[in-house]
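The following exercises concern a single protein chain. Each task is followed by a solution that proceeds step by step.

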Amino acid sequence: MNKEVILITGSSKGIGRGISEYFALKNFLVEGCSRGPANIDSKNYNHTIVDVSDEKQVRKWVREVNKKYRKIDVLICNAGIVKSSPMVPMFSKSAFDDYINTQLVGTFLTCREVSKIMCRQKKGRIINISSAAVRLNLVGTSAYTSTKGAIDKFTKVLANELAQYNITCNLVAPGLVLTEA
């Protein structure tokens, strides 16, 4: 099999959908996941419903993809949430937990499971999606930017840990992107 296998989290809408459609069109084998269904119409795209904050679901998804293709070339951790958020004094713990679980825990779990496979392969590429908003300190973004900032640091450390296995880890931090919501 000569086609590269790319896993993309949060692929049902927004940036993840755009990335998935792009790579599927370029003839990569794209395995996407999100909490709900996706309607990407391509022979190169397969979708699985996975909550990336659920360790068992992530482990099962990654293992099934690896079993199917016998390799994973690229991981793009994109799953995230963007909601209108109040300032910290009015922010609920459960809302904060949503950001932590989806963005930070989801990135950790997916990177951990995929990096196990990539270490055995002695190659791979991991790309984590952060945000330009991390550096702006905007009112009402404490949960969003703190979890994205943690992903920044996580990715830098992960890159150091995995470099010896010929695995690169990079961070992409886009600015505001208008999507269907």
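**Exercise 1. Identify the buried residues of helix α4 and the elements against which they pack.**

Step 1. The buried residues of α4 are Ala143, Tyr144, Thr145, Thr147, Lys148, Ile151, Asp152, Thr155, Leu158, Ala159 and Leu162; buried denotes under 20% relative accessible area, exposed over 50%, and partly exposed in between (1.4 Å probe, protein chains only).

Step 2. These buried residues of α4 pack against α3 (93-121), β5 (124-129) and β6 (167-172), where contact means heavy atoms within 4.5 Å.

The model is a predicted one, in which local features need pLDDT of at least 70, side-chain atom pairs count only at pLDDT 80 or more, and totals for chains, interfaces and linings use all residues. Residues are numbered from 1 along each chain as its sequence is written, and side-chain values use heavy atoms, with hydrogens and water left out.

**Exercise 2. Compare the expected span of helix α4 with the distance between its end C-alpha atoms.**

Step 1. The expected span is 1.5 Å times one less than the number of residues.

Step 2. Helix α4 comprises 21 residues (142-162), so it should span 30 Å.

Step 3. The end C-alpha atoms of α4 are 30 Å apart, in agreement with that expectation.

**Exercise 3. Describe the fold and assess its compactness.**

Step 1. The protein contains four helices and six strands; helices (H or I, at least four residues) and strands (E, at least two) are DSSP runs, numbered from the N terminus.

Step 2. Along the sequence their order is β-α-β-β-α-β-α-β-α-β.

Step 3. The radius of gyration is 16 Å, close to the 16 Å that the globule rule gives for 181 residues, so the protein is as compact as a globular protein of that length. The radius is taken over C-alpha atoms, and the rule is 2.2 Å times the number of residues to the power 0.38.

Step 4. Of the 181 residues, 44% count as buried. Among contacts between residues at least 6 apart in sequence, 64% join residues at least 24 apart.

**Exercise 4. Locate two residues with a positive phi and state their exposure.**

Step 1. Most residues other than glycine have a negative phi.

Step 2. Arginine 70, although not a glycine, has a positive phi of about 65°. Arginine 70 lies in the loop between α2 (55-69) and β4 (74-77), and its relative accessibility of 66% makes it exposed.

Step 3. Lysine 122, also not a glycine, has a positive phi of about 65°. Lysine 122 is placed in the loop between α3 and β5 and is exposed, with a relative accessible area of 52%.
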